[in-house]
Amino acid sequence: MLLSIPADRALAGLQGVGRDTEAMVDAMYQNVLAWEDVLYVANQVQGIIPAGGARPDDYRYPMATRQNIRYMRMFAGAFMYAAGNHVGIGYGSTSGMVCGRPVSATGTGNANALFGWGIAHEIGHNMDKLGKAEITNNIYSLAIQAWDGGAMELPTRLTNSDIWSKIYDKTSVGRPGSAGNVFVQLGMYWQLHLAYDDAAEPLSFFNTFFTAWKSGEYSAYTKDERIALIASKTAGKDLTDFFTRWGLDLGAEAKAEMAKLPKETRALWYLNDDSYAFRLENGSDFSGSVSVTASVDKNEVALTIAGGDATILGYEIRRNGEPVAFTTKSTFTDDLGPANNLTYIYSVVPVDKLGNMGSEARADEVRVAWDTAIASELYDEVRDGDTVTITMKNGAVPVTGIKIAGTALTGTYTAEIKAKADDAEWVKVKEGSLSGDETVGYFTKPGADPATDARIWTYDTAVLKISGVPAGASVTPLDYPGDRVDFYPEATVGKLQSDYRYGDGADEVIPAGTLVVLGTYRGDPAYNTVELEVRYNKADDGAEAEESEGTTFVERSMNGYSLLLAELPEDKKVSDTSDGFWIFVPDVEAEKKLNQEEKIPPYIEMDKETGVQGEKDYFHPMEIRAVCYRFDGMDHTGTSRLTSSTLWISFPAMDTLPEIVFEGEGIQ
């Protein structure tokens, strides 16, 4: 190490607070030892010297070149920089270069005094071999920060600056590409140290890795693939899952090479500084199980986890089977943003401090369905008797409906709007009856009957006036509600009592006795469609039984077709409706054939008195749910997206189905 710094700043650093000459001499000697510690650590990391424990007394710097640290005038905004052949530091930082203390003085297990992050960062730039600027040079910074002459169990900047939570945001989802935060991406390299180093040689992983890197191993691969391949070889494990979670793009050939090694089963992408200390202190793995419950509040799902203990690092949160987050707490709230009228199954996987993943625990399915209210800070509200007037603060806002909430509501209400506050006339957009504790009314199309027309319309609204509001009831303006699909509550599944004709074509009729599934929807029949998804029991051993130990289920779309019905308005222009009705007609024979092909065991009814088995029935759904899709183009053209789904419900026994009667004329 060569220091080229102003003498007055060196003297100021050595003098400290009242040191005499003898004390300054000792401080300078301790400072030299501290610099030897810094380079001892850096050289171990890069594989210049063998990995080991504390710096031996007879250690000698093995290189002919030096780290040259010199005072330089700084450019704007900088206080240090690395230039390959030297490290430049500003005048105000130079005194700190003579204030170091070796780990032999600060002691094992204590924070060191090795000059701080900045200078280690710049030395890292000069020594870095991976070339990922502001990331891989900080491997040296972390190693020097954690160095204590012992097992290196000190917390690092990743802990002190709460970087781990941001790392978990990256690795829990596993999106392709590097993290935008350099300290987050640094975590990928540090976790390899946390996973594989031990107390005797706490820098062995980097030492071996960089020795192989400098020798040119796997040079025919991309840089990211080389990192993954050399890391896997160093660990003696296939680290494909680890690097995939970190977003590295690995080709098939690289993955095949890594697959020659035993697969790493631990979730290394969740390890942190505490995990390393826990392992070195012979911490045990988690041997229990956890449970989770889910509750919904508007567009947020709150999870509560029970059953963990002190060995738990945290929990991987999964939504519909896909990892979406990782939490170190026993509670988690998932904000679903604008998602509405959709169903979700949440589960958690406990991860202990050693990185072992436990058994997945699943919560009951939940449905997120909420009224999308206009933010209250956007408007002022004035009440005069039974009339509530809402005035937007910053001009017109799109409004689609209102919600009136109270206790045992009765009577009728009328909603009117003005597109501009100074408009002379009000436009009546809705009339309706109040009932229960909450009434939602969606605005109707201009010119249509506001009391009977079911079409939904959005108006640019500057002022909204609602009359007929009972005392104590609240009024909330609503945004566009989106599509929604539900099962018909009175009779979800049944058989038609008689033919039902829904069009003029010869085949536009549903014959009597046909199995049908019924429901309601909110949406546009020209753009929406409703499908049915089904689950069948499937025995693991292929036994022909309705139920058996260890059965699983098969889930797929049900064969059949759906009809979306809506009231035909006077102007014959169908659009978004608030009270559409749908019919799904299962293709029972196609389902039976497919179940036989997929070796789904049939239901076999047995006479309880005689014990005689009946015929095999290959149509015996376990559960069904309805899903609604919206197409980009009219008449179901273009691409489609899922917009609503119901909860799964049990499919009733075929011998208990009611007869379904449709009354009235065919509806388009």
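**Notes on the predicted model**

1. Strand β29 (residues 528–538) and strand β35 (residues 623–633) pair in the antiparallel sense, over eight bridges. Bear in mind as you read on that this is a predicted model. If you want a register marker for the pairing, take N528, which stands opposite R630 in β35.

2. β29 has another partner in strand β30 (residues 552–557): six bridges join the two, and they run antiparallel. Here the marker is V534, whose bridge partner in β30 is R556. How many of the 11 residues of β29 are buried? Nine are, so the strand is largely enclosed by the rest of the structure. While you have the strands on screen, remember that side chains in a regular strand alternate between the two faces of the sheet.

3. Next, a sheet with fewer strands to follow. Three strands make an open sheet in the order β20-β17-β23, with antiparallel pairing. β20 (438–442) and β23 (474–478) are the edge strands; each has a single partner strand, so one side of each is left without a neighbour in the sheet. On average, neighbouring strands in this sheet are turned by 15° against each other, direction ignored.

4. Within that sheet, β17 (residues 401–405) is joined to β20 by five bridges, and the two run antiparallel. To find the register, start from A405: its bridge partner in β20 is E438.

5. Now the helices. Two packed helices are described by the angle between their axes and the distance between the axes. For helix α2 (residues 21–46) and helix α5 (residues 138–146), the axes come within 9 Å and cross at roughly 130°. α2 and α5 are therefore oblique to each other, and their crossing is right-handed.

6. Which residues make the α2 and α5 contact? From α2 come V38, V41, A42, V45 and Q46, and they meet I139, Y140, A143 and I144 of α5. Sorted by type, the residues of this contact are eight nonpolar, one polar and no charged. The spacing is worth a look on screen: an α-helix has 3.6 residues a turn, so residues three or four places apart point the same way.

7. α5 is mostly covered, with eight of its nine residues buried. Those buried residues are N138, I139, Y140, S141, L142, A143, I144 and A146. What do they pack against? Besides α2, the list has α4 (117–127), α6 (157–160), α8 (182–196) and α9 (204–214).

8. W117 sits in helix α4. Is W117 buried or exposed? Its relative accessibility is 18%, so W117 counts as buried, the cut-off being under 20%. Setting aside neighbours within four places in sequence, W117 is in contact with N138, S141, L142, Q145, R157, F183 and L186. Among these, N138, S141 and L142 also appear in the buried set of α5. As for L336, it is 219 residues from W117 in sequence and 39 Å away in space, C-alpha to C-alpha.

9. L496 belongs to strand β25 (residues 493–496). It is buried, with a relative accessible area of 4%. Leaving out neighbours within four places in sequence, L496 is in contact with I510, P511, A512, G513, T514, V516, I660 and F662. L515 is 19 residues from L496 in sequence and 6.8 Å from it in space, C-alpha to C-alpha.

10. Two backbone spots deserve a check. Most residues other than glycine have a negative phi. M152, which is not a glycine, has a positive phi of about 65°. M152 lies in the loop between α5 and α6 and is buried, with a relative accessible area of 2%.

11. The other spot is D162, again a residue other than glycine with a positive phi, here near 55°. You will find D162 in the loop between α6 and α7 (164–173). Is D162 buried or partly exposed? At 47% relative accessibility, D162 counts as partly exposed.

Definitions and conventions
Residues are numbered from 1 along each chain as its sequence is written. This is a predicted model: local features need pLDDT of at least 70, side-chain atom pairs count only at pLDDT 80 or more; totals for chains, interfaces and linings use all residues. Side-chain values use heavy atoms; hydrogens and water are left out. Two strands pair if DSSP finds at least two bridges between them. Helices (H or I, at least four residues) and strands (E, at least two) are DSSP runs, numbered from the N terminus. Axes are lines fitted to C-alpha atoms, for helices over the stretch in contact, and angles run from 0 to 180 degrees between N-to-C directions. Angles under 35 degrees count as roughly parallel, over 145 as roughly antiparallel, 65 to 115 as roughly perpendicular and the rest as oblique. A crossing is left-handed if the near helix is turned anticlockwise from the far one by less than a right angle, and right-handed if clockwise. Contact means heavy atoms within 4.5 Å. Ala, Val, Leu, Ile, Met, Phe, Trp, Tyr, Cys and Pro count as nonpolar, Asp, Glu, Lys and Arg as charged, and the others, Gly among them, as polar. Buried means under 20% relative accessible area, exposed over 50%, partly exposed in between (1.4 Å probe, protein chains only).
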